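Colleague: Before I use this model, I would like to hear the grounds for some of the labels on it.
Modeller: Go ahead and ask.

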Amino acid sequence: MGRDIKQILEESRTVAVVGASRDPEKPGGRVPPRLQKRGFKVIPVSPAGGRLFGEDVVNSLAEVDGPVDIVQVFRPSEEAPQIALAAAAIGAKALWLQEGLTSADARRIAEEAGMDYVEDRCVDVESQRLGIEKTLA
């Protein structure tokens, strides 16, 4: 099957964050800046628009300019299949559902599209646990 969590994180640089939030109390508001500190490029995805984490917000994955390694999902599990379809459409390499989120349909869509799939795990916690730090290229 696909890559394990360590390989996904080691081989990834760009993370599109679906459900990015301005609220630092929500995971979608506190995890992305931590990923930036670890050296990941974060692309916030939210219909709210504006800027988040020092980056321009895009309204949807279809508006992301450039390749995406991981689509990180901070939306309810019920939305995961649609997000998986959008991630597949942009050629994302991995779909990652935040801790507490699972979706058999999203898993199937991701796997059929050749994406790696992680669910019910926090990308920040896993990055810390595995000691993943990106260097400036």
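Colleague: Why is S127 called buried?
Modeller: This is a predicted model, and in it S127 has a relative accessible area of 0%. Buried means under 20%, so S127 is buried.

Colleague: Where is S127, and which residues does S127 touch?
Modeller: S127 lies in helix α5, residues 123-130. Leaving aside residues up to four places away in sequence, S127 touches L9, L35, R38, F40 and I132. Contact here means heavy atoms within 4.5 Å.

Colleague: What makes strand β1 largely enclosed by the rest of the structure?
Modeller: Strand β1 covers residues 14-18, and 5 of the 5 are buried, so the strand is largely enclosed. T14, A16 and V18 point one way, V15 and V17 the other way, and all are buried. In a regular strand, side chains alternate between the two faces of the sheet.

Colleague: How do you know that β1 and β2 pair?
Modeller: Pairing needs at least two bridges. β1 and β2 (residues 41-45) have 5 bridges, in the parallel sense, so they pair. The bridge partner of A16 in β2 is I43.

Colleague: What makes β1 and β5 a pair?
Modeller: The cut-off is at least two bridges; β1 and β5 (residues 70-73) have 4, so they pair, again in the parallel sense. V15 stands opposite I70 in β5.

Colleague: Which elements make the right-handed β-α-β unit?
Modeller: β1, helix α2 (residues 27-37) and β2 make that unit.

Terms used. Residues are numbered from 1 along each chain as its sequence is written. This is a predicted model: local features need pLDDT of at least 70, side-chain atom pairs count only at pLDDT 80 or more; totals for chains, interfaces and linings use all residues. Side-chain values use heavy atoms; hydrogens and water are left out. Buried means under 20% relative accessible area, exposed over 50%, partly exposed in between (1.4 Å probe, protein chains only). Helices (H or I, at least four residues) and strands (E, at least two) are DSSP runs, numbered from the N terminus. A crossover is right-handed if, with the strands pointing away from the viewer, the path from the first strand over the helix to the second runs clockwise.
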